[in-house]
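Trainee: Could you take me through one part of this model slowly, please? I would like a close look at the sheet and what packs around it.

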Amino acid sequence: MPYIKVDKENSADVKLYYEDHGSGQPVVLIHGFPMSGDAWEKQKLALVGAGYRTITYDRRGFGKSDKPAFGYDYDTFVNDLERVLDELDLKNVVLMGHSMGTGEVTHYLGTRGRARVARAVLISPLQPFLLKTEDNPEGVDRSVFDEIQGAILADRPEYLTRFFDAFYNLDENLGGLVSQQVVNANWNVAVEASPKGTHDCVDSWLTDFRPDLPKIDVPVLIVQGNADQILPYEVTGGRLQHMLKDCRLVTLAGAPHGIPWTHAAEINREVLAFLAEEAEGEQAGQPVSARRPEPAFGETLEADTQEVEEE
C-alpha cells in the first residue's frame, strides 16, 4: 500500500496512507472527522469516471495512516498536505475538503498560496471561525467543545454513536438517505482512529480561519445543508461566502452534515460543473460568481431531489 512519510515520532516514522487513481487534472480530497479517505467513495467514482486524477489520503491519526501522539493542529495538517502535493508533484490541483478537511484547504491557501492550486471546493465547511468570542458573537460557546472532549475521554465509542446520529440526522434519514450498514461502517473506521487524535482534533476546530480568507484568490465552491447539526449553517457556510473573493454557495435545503453520502448526486453534479467551468470561464475572464448565478435559498436541493427521484 502507498504511504508518504510526513514526520517522525521517537524511533518511528509517521506516514500517511494515500490512494491515487485515474488521470487528468488532479483533485485532492481531504476527509472530515473522524473518517478516512474512504468517506469520498461516491465522489471518487464520479471524478475518476469524468476524467480526473483523484487522490485521497488519510489524515494523521485516522484511517490507515500512522497514529502519532502529536500534530493535531492545522499548521501540522497543512505541512502534511504540502508533503503529499510535493511527493506526488501535483500542479493545477483542485483541493476539495469536507468538514474538518476544509480547514486544510483554506489554511493551505492562506499560508502557501495558489502556486499549485487552481480551484477549491468546501463541503460542509468549518470556516470562518467556530468559537464564540467578543469579535465573533455568532460562534459556538466553548463549553460545547469542552463537553465533547469530556465525552470522548469518558466513553469514545458511545460518543461516536451519538456523533453519527447528528452527522446524518438519523432521526429523519435512517433507512432513506442512509442505511444502518453505512453508519456501522463509519463507526468502525472512527473507533479505530487514534484516541488522542480524536480528542485533540476538537481543539483544531476552534482555529480562527479569518486571516486566511482574504488571501484566497482561487475560485471556490461551497456546498452545505441548512439542517447541518455538526457545523451550523448560519455560523459557517451561510456567512463564509461573503468573506471570499470569488465564491458561490449552493445550499441544500434540509440536508445534514454528511452530504458526501446522503446527497452525493447533488454534490457530484455541482462539483463536476464547477470544474468544467475552468476552461471556458477563465478563458472569458469572469469570476465563478459571475458565471453561474446563486440560486435562491433552498432552490437547489428541491430541484435536485425531484430530478433524482425521477431518475
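Mentor: Happy to; here is a walk through the sheet, then the helices, then one arginine.

Keep in mind that this is a predicted model. The mean pLDDT of the chain is 91, with 89% of residues reaching 70 or more. One stretch to treat separately is 288-311, where the pLDDT is below 50, although beyond near neighbours in sequence this stretch has 46 contacts in the model.

Now to the sheet. Eight strands form an open sheet with mixed pairing, and reading across you meet β1, β2, β4, β3, β5, β6, β7 and β8, in that order. At the edges stand β1 (residues 3-9) and β8 (residues 247-252); each has a single partner strand, so one side of each is left without a neighbour in the sheet. On average, neighbouring strands here are turned by 20° against each other, ignoring direction.

Let us stop at the β8 edge. Its link to β7 (residues 220-225) is made of 6 bridges, and the two strands run parallel. If you want a pair to find on screen, take glycine 225 and its bridge partner in β8, leucine 252.

Next, look at what lies on the strands. Helix α2 (residues 74-87) lies across β1, β2 (12-21), β3 (26-30), β4 (53-57) and β5 (93-98), and runs at about 140° to β1.

That same helix, α2, leads us to α3, since α2 is among the elements covering the buried residues of α3, along with β3, β4, β5 and β6 (117-123). Helix α3 spans residues 101-112, and its 12 residues reach 16 Å from first C-alpha to last, close to the 16 Å expected at 1.5 Å a residue. Mostly covered, α3 has 10 of its 12 residues buried. The buried ones are Gly101, Thr102, Gly103, Glu104, Val105, Thr106, His107, Tyr108, Leu109 and Gly110. Just after the helix comes glycine 113, with a positive phi near 85°.

Finally, a charged residue to look at: arginine 239, in helix α8 (residues 237-240). Is arginine 239 buried or exposed? Its relative accessible area is 13%, and under 20% counts as buried, so arginine 239 is buried. Leaving aside neighbours within four places in sequence, arginine 239 is in contact with Pro128, Phe129, Asn136, Glu138 and Glu234.

Note on methods:
Residues are numbered from 1 along each chain as its sequence is written. This is a predicted model: local features need pLDDT of at least 70, side-chain atom pairs count only at pLDDT 80 or more; totals for chains, interfaces and linings use all residues. Side-chain values use heavy atoms; hydrogens and water are left out. Two strands pair if DSSP finds at least two bridges between them. Helices (H or I, at least four residues) and strands (E, at least two) are DSSP runs, numbered from the N terminus. Axes are lines fitted to C-alpha atoms, for helices over the stretch in contact, and angles run from 0 to 180 degrees between N-to-C directions. Contact means heavy atoms within 4.5 Å. The expected span of a helix is 1.5 Å times one less than its number of residues. Buried means under 20% relative accessible area, exposed over 50%, partly exposed in between (1.4 Å probe, protein chains only). pLDDT is the predictor's confidence in each residue, from 0 to 100.
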